Amino acid sequence: MRTILTAAILFALAGCSSPESITANKHQVMDLKISRAAGIYSQCLNKKWSDINPATRYYNINNTHTIASYLDGQGEMASAKIQTISDNQADVEIYLTSRGNSQQALLEAAKACV
């Protein structure tokens, strides 16, 4: 019985962290192919977003850079996904939620790094 209950709880929690639920409340506000290396753009964006909101985190997995800016106790208010196309090209996607009051500043920072 415990095994079934534990499996049910883990299954329910896995659904909470699925990619669909993570992006469900976000709106894509930017989708660009840029003439900069993904690593250089993501370093610029991470610094600018961290200056605006210290609760910003950076991840790099398999040449996909992810930057997320969090509101205390309310989840993400913005995220960026930067993928390498070639040595000097990257695909940039910026997502914003309706939470927080820094969205415009975060979007302007994303544009400034281009």
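Biologist: Happy to start in the middle of things: leaving aside neighbours within four places in sequence, which residues is Ile82 in contact with?
Modeller: This is a predicted model, and Ile82 is one of the residues with the most contacts inside its largest nonpolar core. Leaving aside neighbours within four places in sequence, Ile82 is in contact with Ala38, Tyr41, Ser42, Leu45, Asn63, Thr64, His65, Ile67, Ala90, Asp91 and Val92.

Biologist: How many residues does that largest nonpolar core have?
Modeller: Nonpolar side chains tend to be buried together in soluble globular proteins. Here, strand 1, helix 3, strand 4, strand 5 and helix 4 each give two or more residues to the core. Those with the most contacts inside it are Tyr41, Leu45, Trp49, Ile82 and Ile94, and the core has 20 residues.

Biologist: Nice, now the sheet. What is the order of its five strands?
Modeller: Strand 5 pairs in the antiparallel sense with strand 1 over seven bridges, and with strand 4 over eight bridges. Strand 3 and strand 4 also pair in the antiparallel sense, over eight bridges. At the edges are strand 1 and strand 2, each pairing on one side only. The sheet is open, and its order is 1-5-4-3-2.

Biologist: How many residues lie between strand 4 and strand 5 in their hairpin?
Modeller: Strand 4 covers residues 75-86, while strand 5 covers residues 89-96. Within this pair, Lys81 stands opposite Glu93. The number of residues between the two strands of the hairpin is two.

Biologist: Is Asp91 buried or exposed?
Modeller: Asp91 is found in strand 5, where seven of the eight residues are buried. Its bridge partner is Lys33, and Asp91 also has contacts beyond four places in sequence with Asp31, Leu32, Lys33, Lys81, Ile82, Gln83 and Ile85. The relative accessible area of Asp91 is 10%, and because the cut-off is under 20%, Asp91 counts as buried.

Biologist: Which residues of helix 4 are exposed on the face turned away from its buried side?
Modeller: Let's begin with the buried ones: Gln103, Leu106, Leu107, Ala109 and Ala110. They cover an arc of only 160 degrees around the axis, so they sit on the same side of helix 4. These buried residues pack against strand 1, helix 3, strand 3, strand 4 and strand 5. The face turned away from them carries the exposed residues Gln104 and Ala112.

Biologist: And helix 3: at about what angle does it run to strand 4?
Modeller: Helix 3 covers residues 38-52. It lies across strand 1, strand 2, strand 3, strand 4 and strand 5. The angle between helix 3 and strand 4 is about 165 degrees.

Biologist: Which strand does the direction of helix 4 make about 10 degrees with?
Modeller: Helix 4 packs on the sheet. The strands it touches are strand 1, strand 3, strand 4 and strand 5. The one whose direction makes about 10 degrees with that of helix 4 is strand 1.

Biologist: Last one, on confidence: which element has the lowest mean pLDDT?
Modeller: Across the protein chain the mean pLDDT is 83, with 77% of residues at 70 or more. Over residues 10-22 pLDDT stays under 50, and the model has three contacts beyond four places in sequence for that stretch. Helix 3 has the highest mean pLDDT among the elements, 97, and the lowest, 44, belongs to helix 2.

Key. Residues are numbered from 1 along each chain as its sequence is written. This is a predicted model: local features need pLDDT of at least 70, side-chain atom pairs count only at pLDDT 80 or more; totals for chains, interfaces and linings use all residues. Side-chain values use heavy atoms; hydrogens and water are left out. Buried means under 20% relative accessible area, exposed over 50%, partly exposed in between (1.4 Å probe, protein chains only). Helices (H or I, at least four residues) and strands (E, at least two) are DSSP runs, numbered from the N terminus. Two strands pair if DSSP finds at least two bridges between them. Contact means heavy atoms within 4.5 Å. The arc is that of the directions from the helix axis to the C-beta atoms. A nonpolar core is a set of buried Ala, Val, Leu, Ile, Met, Phe, Trp, Tyr and Cys residues joined through side-chain atoms within 4.5 Å. Axes are lines fitted to C-alpha atoms, for helices over the stretch in contact, and angles run from 0 to 180 degrees between N-to-C directions. pLDDT is the predictor's confidence in each residue, from 0 to 100.
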